[in-house]
Amino acid sequence: MSNLETHQIAIYLGALATGALTGWAIPSATSLAPAITPALALLLYVTFLQIPLTRLVPRPDRFLAAVLIGNFVLAPLAVAAIFPFLPENLAIRTGVLLVLLTPCIDYVIVFSGLAGGASEKLLATTPVLLLAQLILLPAYLFLFLGPDLADLVDPRPFLEAFLFLIVVPLTLAALTQRGKRQAAKAMVPLMAVTLFTVTASQMSALDVGVVQVVPFYAFFLAAMAVAGTALARVFRLDGPESTAVIFSGATRNSLVVLPLALALPSQLAVASVVVVAQTLVELVGMVIFVRVFGDRSPKPRGY
């Protein structure tokens with residue numbers, strides 16, 4: 001377990017690289033796509049299992065306020081700054097909006113912990129972040145894209161994704177809290193399997209048009225690092241809390257929104273690859289974040 005935690009960044013990057021090579025070398029790797037949802041469901045179950053039942057509703061405090069403002073006020077403003085410069089392609093724009101408007105609730109815990117962030121407090125915000133993004137995402141999409149998207153999107157796959165990726169894993173986690181210690185051991189390999197499955201199944205669809213969004217993702221990471229640092233100062237957070245706020249604002253929910261992107265109609269199919277491209281950029285960015293923001297406090301054991 002300790003070896004897995006120590007080398008988890010290398011494991012995740014290795015899973016991404018292996019998945020990318022597999023996807024490019026073996027076109028039939030697209031057949032792995034149906035495995036994405038169950039892999040994600042297992043990963044989220046393990047994530048939820050580490051949240052004590054007494055913390056499913058985090059205590060309102062400065063930390064929670066900073067996390068919510070960073071993710072649902074400052075992040076959309078950063079997206080608004082990017083949006084006019086995105087390629088004039090509805091599928092690409094939809095993918096960018098889906099991923100950048102939804103805060104991460106899984107591996108952000110890992111990377112924040114590696115940098116010495118207050119990962120337990122961040123983990124406790126997961127249910128609030130999930131509920132808020134599910135409520136606000138349709139409103140954000142309408143604001144950015146207008147009614148055009150509503151005519152193309154069938155809400156049923158979105159509701160199914162919410163049921164199988166959020167409701168079922170969260171319910172099972174609440175019923176099996178005693179398995180917390182065993183589940184923690186599965187976190188790293190499950191994350192690696194999920195990253196491999198996602199990249200291998202989607203990589204063959206990566207093209208020049210999708211690569212155009214990479215600089216925008218890099219800009220978003222940098223902008224949210226600055227925004228998170230400013231928020232931490234405004235709310236007078238301590239070192240670990242500041243680090244957690246920075247990581248929460250910068251990381252996005254690419255793995256969870258991917259099934260939503262895959263559920264879009266065929267004319268928006270490229271959106272799923274746009275989401276995967278964000279994952280690739282972000283994980284490289286997280287390695288940099290751990291080094292840049294990792295000196296604020298001693299790194300905790302585990303997360």
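This tour moves through three selections in a predicted model, starting from a single residue and then turning to helices.

Begin by selecting I36, which sits in helix 3, the run of residues 36–49. With a relative accessible area of 1%, I36 falls under the 20% cut-off and therefore counts as buried. To see what surrounds the side chain, display T197, V198, S201, Q202, L258 and L262, which I36 touches when residues up to four places away in sequence are left aside. Then add F196 and draw a distance between the C-alpha atoms: I36 and F196 are 160 residues apart in sequence, yet their C-alpha atoms are 9.7 Å apart in space.

Next, select helix 2, residues 8–25, together with helix 6, residues 107–114, whose axes lie 11 Å apart and meet at an angle of about 140°. Because that angle lies outside the ranges for roughly parallel, perpendicular or antiparallel, helix 2 and helix 6 are oblique to each other. Show side chains for Q8, I9 and Y12 on helix 2 and for V110, F111 and L114 on helix 6, since these residues make the contact. Colouring the contact of helix 2 with helix 6 by residue class gives 5 nonpolar residues, 1 polar residue and no charged ones.

Finally, move to helix 15, residues 270–293, and place a distance between its end C-alpha atoms, which are 34 Å apart; at 1.5 Å a residue, its 24 residues should span 34 Å, so the two values agree. Colouring helix 15 by accessibility shows that the helix is mostly covered, as 17 of its 24 residues are buried.

Methods. Residues are numbered from 1 along each chain as its sequence is written. This is a predicted model: local features need pLDDT of at least 70, side-chain atom pairs count only at pLDDT 80 or more; totals for chains, interfaces and linings use all residues. Side-chain values use heavy atoms; hydrogens and water are left out. Helices (H or I, at least four residues) and strands (E, at least two) are DSSP runs, numbered from the N terminus. Buried means under 20% relative accessible area, exposed over 50%, partly exposed in between (1.4 Å probe, protein chains only). Contact means heavy atoms within 4.5 Å. The expected span of a helix is 1.5 Å times one less than its number of residues. Axes are lines fitted to C-alpha atoms, for helices over the stretch in contact, and angles run from 0 to 180 degrees between N-to-C directions. Angles under 35 degrees count as roughly parallel, over 145 as roughly antiparallel, 65 to 115 as roughly perpendicular and the rest as oblique. Ala, Val, Leu, Ile, Met, Phe, Trp, Tyr, Cys and Pro count as nonpolar, Asp, Glu, Lys and Arg as charged, and the others, Gly among them, as polar.
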